[in-house]
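Colleague: I should be grateful for a close reading of one part of this model, the place where its helices meet. Please take that part step by step and then place it within the rest of the chain.

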Amino acid sequence: MKAEKRHSYRFKAFRLEVEERQLLHHDQPVPLTPKAFDVLVALVERSGHLVEKEELLHIVWSDSFVEEANIARIIHTLRKTLGEDEHGVKFIETVAKKGYRFVAKVSKIREPDYLGIKTGNQYLSSLTEELPQTAFSSNDKPKHQNGTPVNPPLPLAERKTSRRWILIAVMLCAIALVLGTRFSLFNLFESGGQNFYSIEMSRLSEKSGIYGGDISPDGRFVAFVEQKEGRGTLFVKQILTGVTITIVPPI
């Protein structure tokens with residue numbers, strides 16, 4: 001459900017919740033009559049500006065006729081309720097023969113109202129009580145309306161394929177490490193042969209399923225991975241003699 005914007009006003013230690021029709025002082029409710037609340041809202045919304053008596057009568061008593069004395073009584077009640085600020089100044093100023101002005105600094109606060117739940121500080125504890133309970137436990141996976149999981153697990157075949165390519169990548173990294181650092185493994189093939197200067201094309205292996213490959217810095221060895229039945233084997237072959245040994249058995 002789309003969240004609607006709620007607004008309230010804060011001045012000093014007070015908070016005026018317009019939609020909730022409630023005045024709070026240090027997050028504690030302050031009792032007000034309906035008309036007193038309407039007058040306070042009218043003054044706070046126009047804080048710093050003169051609100052004439054005729055305007056107040058039109059806003060608060062638009063559907064009835066009352067005397068100006070009613071406004072004076074309500075203003076007197078509001079002043080007693082709000083008290084004074086830290087400097088001894090009343091919140092509501094009287095402009096002789098004209099009207100009234102709310103003189104305290106007012107901040108307007110906008111906040112979302114999810115599912116109609118109150119969002120003032122004193123209502124936070126009710127949030128978990130009023131929200132509907134989830135349809136699954138902490139150990140369950142969330143599901144769509146048709147019952148299928150939001151994130152269904154991969155099929156077994158896909159998981160095996162993914163694991164196989166991970167193993168191939170690991171073995172290719174091992175090839176680069178072996179050939180790049182010239183492990184003493186290559187000493188097994190030392191035969192004192194002379195460097196050759198011509199290039200002769202030859203088949204790396206008679207078997208199929210060869211993946212990747214790398215040549216040693218001195219050009220004497222080649223390493224490659226053979227893939228068979230979903231299992232990979234790492235080989236190193238001496239180019240001069242054609243001797244091949246297994247470095248990593250099938251995994």
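Modeller: What follows treats the helical part in turn, and afterwards a few positions elsewhere in the chain. The model is a predicted one. The protein has 251 residues, of which 27% count as buried, and it contains five helices and 12 strands. Among contacts between residues at least 6 apart in sequence, 45% join residues at least 24 apart.

The first matter is the packing of two helices. Two packed helices are described by the angle between their axes and by the distance between those axes. For helix H1 (residues 34-45) and helix H3 (residues 68-82), the angle is about 80° and the axes are 10 Å apart. H1 and H3 are therefore roughly perpendicular to each other, since angles from 65 to 115 degrees are counted in that way. H1 contributes Lys-35, Ala-36, Val-39, Leu-40 and Leu-43 to the contact, and H3 contributes Ile-74, Ile-75, Leu-78 and Leu-82. By character, the residues of this contact comprise eight nonpolar, no polar and one charged.

Each of the two helices may next be considered by itself. The 12 residues of H1 should span 16 Å at 1.5 Å a residue, and the 17 Å between its end C-alpha atoms agrees with this. The buried residues in H1 are Ala-36, Phe-37, Val-39, Leu-40, Val-41, Ala-42, Leu-43 and Val-44.

For H3, the expected span of its 15 residues at 1.5 Å a residue is 21 Å, and its end C-alpha atoms are 21 Å apart, in agreement. Buried in H3 are Ile-71, Ile-74, Ile-75, Leu-78 and Leu-82. Viewed down the axis of H3, these buried residues fall within an arc of 105°, so they line one face of the helix. The general background is that an α-helix has 3.6 residues a turn, so residues three or four places apart point the same way. The face of H3 turned away from the buried side carries His-76 and Lys-80, both exposed. After H3 comes Gly-83, with a positive phi near 75°.

Helix H2 (residues 53-60) belongs to the same description. Its buried residues are Leu-56, Leu-57 and Val-60. Down the axis of H2 they fall within an arc of 100°, so they too line one face of their helix. Glu-54 and His-58, on the other side of H2, are exposed. The cover over the buried residues of H2 includes H1 and H3, together with strand S5 (50-52) and strand S7 (99-102).

The loop between H2 and H3 holds Trp-61, a residue that ties several of these elements into one picture. Trp-61 has a relative accessible area of 8% and is therefore buried, the limit for that class being under 20%. Apart from its neighbours within four places in sequence, Trp-61 is in contact with Lys-35, Val-39, Leu-56, Val-66, Ile-71 and Ile-74. Of these partners, Lys-35 and Val-39 also take part on the H1 side of the contact with H3, and Ile-74 does so on the H3 side. Leu-56 is one of the buried residues of H2, and Ile-71 is one of those of H3. Trp-61 and Val-39 are 22 residues apart along the chain, and their C-alpha atoms are separated by 9.9 Å.

A few positions outside this part complete the account. Val-225 is found in strand S10 and, at 0% relative accessibility, counts as buried. The C-alpha atoms of Val-225 and Ala-169 are separated by 9.8 Å, with their places 56 residues apart along the chain. Glu-229 lies in the loop between strand S10 (221-228) and strand S11 (231-238); its relative accessibility of 72% makes it exposed. From Glu-229 to Pro-250 the C-alpha distance is 9.9 Å, for a sequence separation of 21 residues.

Two loop residues have a positive phi without being glycine. Lys-12, in the loop between strand S1 (4-11) and strand S2 (14-17), has phi near 55° and is partly exposed, with a relative accessible area of 41%. Asp-27 has a phi of about 65° and lies in the loop between strand S3 (22-25) and strand S4 (28-30); at 27% relative accessibility, Asp-27 counts as partly exposed.

Notes
Residues are numbered from 1 along each chain as its sequence is written. This is a predicted model: local features need pLDDT of at least 70, side-chain atom pairs count only at pLDDT 80 or more; totals for chains, interfaces and linings use all residues. Side-chain values use heavy atoms; hydrogens and water are left out. Axes are lines fitted to C-alpha atoms, for helices over the stretch in contact, and angles run from 0 to 180 degrees between N-to-C directions. Helices (H or I, at least four residues) and strands (E, at least two) are DSSP runs, numbered from the N terminus. Angles under 35 degrees count as roughly parallel, over 145 as roughly antiparallel, 65 to 115 as roughly perpendicular and the rest as oblique. Contact means heavy atoms within 4.5 Å. Ala, Val, Leu, Ile, Met, Phe, Trp, Tyr, Cys and Pro count as nonpolar, Asp, Glu, Lys and Arg as charged, and the others, Gly among them, as polar. Buried means under 20% relative accessible area, exposed over 50%, partly exposed in between (1.4 Å probe, protein chains only). The expected span of a helix is 1.5 Å times one less than its number of residues. The arc is that of the directions from the helix axis to the C-beta atoms.
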